[in-house]
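Me: Here is a chain to go through. Let us take the fold, then the sheet, then one helix and its link.

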Amino acid sequence: MVFPTMTSAVASAAAVCVAVAALVACAAPSATAADAPPALRIMVKLVRASEDGAAIAAEASRLAGVSVSYAAATSATWHALSLHCAGTSRCEEAIARLRAAGSIYQAVEIDGRKKPAS
């Protein structure tokens, strides 16, 4: 004769919880970097030289209306930024807004360099 014990009941409940959690995790869509649209890299020439990458990216995000990350500097006035847009038209609009900010940027160009193969 088998008598259920509290230990086996707890173990069974834990196993059920683990199984349910695994099923929920499999069913939930996962957002990965591969799902995100690729960033568009641009070069900006500042009216006033700066080496503060965080400030440059924050100002560009504010002006462009999209998320902008700082990539690199080629000088105190030329900086590479990455625009993170939901699509091509959103990036084009963001670039137009940056170009319209003539008091901040002397030039805003799409970075045409070849990217390394991934």
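Reply: The protein has three helices and four strands. Helices (H or I, at least four residues) and strands (E, at least two) are DSSP runs, numbered from the N terminus. This is a predicted model, where local features need pLDDT of at least 70, side-chain atom pairs count only at pLDDT 80 or more, and totals for chains, interfaces and linings use all residues. Residues are numbered from 1 along each chain as its sequence is written, and side-chain values use heavy atoms, with hydrogens and water left out.

Me: What pattern does the protein follow along the sequence?

Reply: Three helices and four strands have to be placed. Read along the sequence, they give α-β-α-β-β-α-β.

Me: What order do the strands of the open sheet have?

Reply: Two strands pair if DSSP finds at least two bridges between them. S2 and S3 run antiparallel, joined by six bridges. S1 and S4 are also antiparallel, with five bridges. The open sheet of four strands, with antiparallel pairing, has the order S2-S3-S1-S4.

Me: Which are the edge strands?

Reply: The order is S2-S3-S1-S4. An edge strand here pairs on one side only, and that applies to S2 (67-73) and S4.

Me: Which residue stands opposite tyrosine 70 in S3?

Reply: A hairpin through four residues joins S2 to S3. In S3, the residue opposite tyrosine 70 is leucine 81.

Me: What is the bridge partner of leucine 46 in S4?

Reply: S1 and S4 share five bridges. Leucine 46 has as its partner in S4 tyrosine 105.

Me: At what angle does H3 run to S4?

Reply: Axes are lines fitted to C-alpha atoms, for helices over the stretch in contact, and angles run from 0 to 180 degrees between N-to-C directions. H3 lies across S1, S3 and S4. Its angle to S4 is about 160°.

Me: How far apart are the end C-alpha atoms of helix H3?

Reply: The expected span of a helix is 1.5 Å times one less than its number of residues. H3 (residues 88-100) has 13 residues, so it should span 18 Å. The model agrees: the end C-alpha atoms are apart by 18 Å.

Me: Which residues of H3 are buried?

Reply: Buried means under 20% relative accessible area, exposed over 50%, partly exposed in between (1.4 Å probe, protein chains only). The face turned away from the buried side carries exposed Glu92 and Ala100. The buried residues of H3 are Cys91, Ala94, Ile95 and Leu98.

Me: Why do they count as being on the same side of H3?

Reply: The arc is that of the directions from the helix axis to the C-beta atoms. The buried residues are on the same side of H3 because they cover an arc of only 100°.

Me: What covers the buried residues of H3?

Reply: Contact means heavy atoms within 4.5 Å. The cover includes strand S1 (40-46), helix H2 (53-64), strand S3 (78-84) and strand S4 (105-110).

Me: Which cysteine is joined to cysteine 85 by a disulfide?

Reply: A disulfide is a pair of cysteine sulfur atoms within 2.5 Å. By this rule the count is one. The S to S distance is 2.1 Å, and the partner of cysteine 85 is cysteine 91.

Me: Is cysteine 85 buried or exposed?

Reply: Its partner, cysteine 91, has a relative accessible area of 7% and is buried. Cysteine 85 is at 5% relative accessibility, so it counts as buried.
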